[in-house]
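Grab a coffee and work through these exercises with the model open beside you. Each one sets a task, then walks through the solution.

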Amino acid sequence: MTAQQALTVSRRAGPPGTVVLALSGSADMETAPVLARALEENLRAASAPEVLVVDCAGLEFCDSTGLNELLTGRLAAVEAGSAFCLSAPTPQALRLLRITGTDAVFDVLPAAPVLRAARARGRGRN
């Protein structure tokens, strides 16, 4: 059995009014505070974003503790007047969402808006 990776959260620029938080590694009992802190910092700022996108493409593992932090972040976003989306969840994360019924709670995008925009620009060049 291999050890789980630590969780890193990086903030990426998005379209105006959008903040993208890219997750990499594992969201579990040991790393949940990292996720909680990143969500809180971006939602309790003086100017919360219109949309907070959590890019899960690099999330290798998420357990119930990580899911709980995402749910808490979603509630904080609602309180701040922000939309909250998960993007590009891995098969493991999608399975967790389905099993727990939280796939009905989250807005789930196939890829972060920033990534889709970059891909679209790239296709326009021939």
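**Exercise 1. Work out whether Cys85 is buried or exposed.**

Step 1: Cys85 has 9% relative accessibility. Step 2: buried means under 20% relative accessible area, exposed over 50%, and partly exposed in between (1.4 Å probe, protein chains only). Step 3: Cys85 therefore counts as buried.

A quick note on ground rules: this is a predicted model, where local features need pLDDT of at least 70, side-chain atom pairs count only at pLDDT 80 or more, and totals for chains, interfaces and linings use all residues. Residues are numbered from 1 along each chain as its sequence is written, and side-chain values use heavy atoms, with hydrogens and water left out.

**Exercise 2. Find out how many disulfides there are, and why Cys62 has no such bond.**

Step 1: a disulfide is a pair of cysteine sulfur atoms within 2.5 Å. Step 2: searching the whole structure turns up 0 of them. Step 3: for Cys62, the closest cysteine sulfur belongs to Cys56 and sits 7.5 Å away, so it is too far for a bond. Cys62 is also buried, because its relative accessibility is 4%.

**Exercise 3. Describe the largest cavity and its lining.**

Step 1: on a 1 Å grid over the protein atoms alone, a cavity is a set of points where a 1.4 Å probe fits but cannot get out; a pocket is an open set with protein on both sides within 12 Å along at least five of seven lines; lining residues have an atom within 4 Å of a point. Step 2: there is 1 cavity of 30 Å³ or more, and the largest cavity has a volume of about 60 Å³. Step 3: strand E3 (51-62), H2 and helix H3 (91-100) each give two or more residues to its lining. Step 4: Cys56 and Cys62 are among the lining residues, along with others including Leu59 and Pro89. Step 5: by class, this lining has 10 nonpolar, no polar and no charged residues.

**Exercise 4. Now do the same for the largest pocket.**

Step 1: its volume is about 160 Å³. Step 2: helix H1 (32-43) and helix H2 (64-80) are the elements giving two or more residues to the lining, with the largest share, 6 residues, coming from H2. Step 3: the lining includes Leu39, Arg44 and Glu79. Step 4: sorted by class, it holds 5 nonpolar, 2 polar and 4 charged residues.

Terms used
Points joined across faces, edges and corners; volume = space filled by probe spheres on them. Helix = DSSP H or I, 4+ residues; strand = E, 2+ residues; numbered from the N terminus. Nonpolar A, V, L, I, M, F, W, Y, C, P; charged D, E, K, R; others polar.
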